[in-house]
Amino acid sequence: MKAIAFTRFGEPEKVLELKTLPDPTPPGPGEVVIRVTKRQLHPGNLMMVRGKFNIPLPAHGFLIPGADGAGIVEAVGEGADSAHLQPGMRVIFNPSPGAWAERLKARAEFVTPIPDDLPDAIAVQMLPNAVIAFMLLRAAQRAVPDAGRETPILLNAAGSSVARLVTIAAHRRGLKVAGTVRSAQGAKALSDRFPDMPVVSTADPDWPDHLRHATGAQPLQVLMDPVGGAMVNDFVPLLGDGAAVLLYGAMSPEPVVYPLSALPREIMFTGVSSSRWMQDTTAVQRREDVAEAIEIGRAAPEQFEVAADYDLDQFANAIEHMERENRQGSVLLSSD
Ligand SMILES: NC(=O)c1ccc[n+]([C@@H]2O[C@H](COP(=O)([O-])OP(=O)(O)OC[C@H]3O[C@@H](n4cnc5c(N)ncnc54)[C@H](OP(=O)(O)O)[C@@H]3O)[C@@H](O)[C@H]2O)c1
């Protein structure tokens, strides 16, 4: 099978290679072998290749990026058919390492059949971004029980796939959200998508005033931020006592420094990571999360447009496209 792999951390164009590898061995108990047809490219995939996560490289061997995607079940191990998985079924999987290969072996509990009316190109966009979106909303409500009721939850980088899923999921729960993006063009695109949502561009020097005006002049209680760096401090004057800052990404190269200006108030900074989904989320909640993700994909397919769909061999073009500023839509990598 073909696979994209790396043996050292670094810039993706320098370290990623197309390899021909043996197919996975037959599935053991509770496992399935999946022929992967599509994957969505995520910023986290490239962070892994660049060595930003605490994942060691094997002493001899390689890593294959990607942990989620869509495909067809090819073989089912003992006991895995009790999870209603049969050869030939269309499925999505998350988390199952090695998704940038034509085949992988996954644990059946992380593999979900998808309905016939959900195309792969949409199904593949539902996990893992929906998982982190639901986790963020649960974290917001743990920190501030009436989050999104009186004042909107503020999403920074609100045009990202994750933030758009938070917006859809928040609206399904009757919660209000507002967004900041880094360009006027991005603000226009997001307002076209969600016309009732207040959206402000931080490229405008008066953005804090615009945001106060757009959100009703009340101090905000929850900020969800995947950027980090110094900019987090710019949001602090907008937050009220008891507010929560939920950090879930690090797209800025700078660290977050707890701002002294926050000190007279109690503002909680906390990290939210989808890696905790397997550890801390019950199996029942995980099934509900996956079911809601599939329901969102079926109910609002127009929210999941594709910017480009590249063949697995063209991974370098796909990565370049994924990193373009102001890209609208997801970049997919296919091997069907
Ligand atoms: N914690 C977790 O478990 C978890 C899980 C999934 C994703 N994430 C994180 O969530 C974030 C978003 O992921 P995604 O898949 O939704 O990304 P995406 O769809 O590729 O979107 C990235 C967005 O971030 C914006 N952006 C990039 N760099 C920025 C900067 N320096 N300042 C402000 N905005 C910036 C882009 O704005 P433009 O439109 O202007 O280019 C774009 O809207 C990433 O940091 C990712 O690592 C975390």
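**Close-up views of a predicted model**

**View 1. P128 sits in the loop between helix 3 (120-123) and helix 4.** Keep in mind for every view that this is a predicted model. Start with the link leading into P128: the peptide bond from L127 to P128 is cis, and its omega is near 0 degrees. You can find a cis bond elsewhere in the chain too, joining N94 and P95, with omega at about -10 degrees. P95 belongs to the loop between strand 5 (90-93) and strand 6 (103-107).

**View 2. The chain is assigned domain 1 (2-127 + 299-334) and domain 2 (129-271).** Going by C-alpha atoms, the centres of domain 1 and domain 2 are 29 Å apart. Where they touch, domain 1 brings 10 residues and domain 2 brings 11. Look at the domain 1 side of that contact: 4 of its residues are nonpolar, 6 are polar and none is charged.

**View 3. The ligand has 26 residues around it.** Which ones are the closest? They are S160, S161, P226, G249 and S274. Sort the whole shell by class and you get 11 nonpolar, 13 polar and 2 charged residues. Domain 1 and domain 2 each give at least three residues to this shell. Among the helices, helix 2 (43-49), helix 4 (129-143) and helix 5 (161-172) each chip in at least two.

**View 4. Six strands line up in an open sheet, in the order 10-9-8-11-12-13.** The pairing is parallel. Strand 10 (199-201) and strand 13 (268-271) are the edge strands, each with a single partner, so one side of each has no neighbour in the sheet. From one strand to the next, the twist averages 20 degrees. Helix 6 (residues 184-193) packs on the sheet and touches strand 9 (177-181) as well as strand 10. The direction of helix 6 makes about 170 degrees with that of strand 10.

**View 5. Strand 12 (residues 239-247) pairs with strand 13 and with strand 11 (residues 220-225).** Take strand 13 to begin with: it runs parallel to strand 12, with 4 bridges between the two. Pick out V245 and you'll find its bridge partner, F269, in strand 13. Now turn to strand 11, which is also parallel to strand 12 and is joined to it by 5 bridges. Here L220 stands opposite L239 of strand 12.

**View 6. A157 and N326 have positive phi values, although neither is a glycine.** For A157, phi is near 50 degrees, and this residue lies in the loop between strand 8 (153-156) and helix 5. N326 has a phi of about 60 degrees and belongs to the loop between helix 11 and strand 15 (330-334). Is each one buried or exposed? A157 counts as buried, because it has 20 other C-beta atoms within 10 Å, and 20 or more is what the label takes. N326 has 11 other C-beta atoms within 10 Å, so it counts as exposed.

**View 7. N317 is part of helix 11 (residues 315-322).** It has 14 C-beta neighbours inside 10 Å, so N317 is classed as partly exposed. How far is N317 from N45? Along the sequence they are 272 residues apart, while in space their C-alpha atoms are 15 Å apart.

Technical notes. Residues numbered from 1 in each chain as written. Predicted model: local features only at pLDDT ≥ 70, side-chain atom pairs only at ≥ 80, totals over all residues. Pairing = 2+ DSSP bridges. Axes fitted to C-alpha atoms, helices over the stretch in contact; angles between N-to-C directions. Contact = placed C-beta atoms within 7 Å. Near = placed C-beta within 6 Å. Nonpolar A, V, L, I, M, F, W, Y, C, P; charged D, E, K, R; others polar. Domains from an automatic or database assignment. Buried ≥ 20, exposed ≤ 12 C-beta atoms within 10 Å, placed from the backbone.
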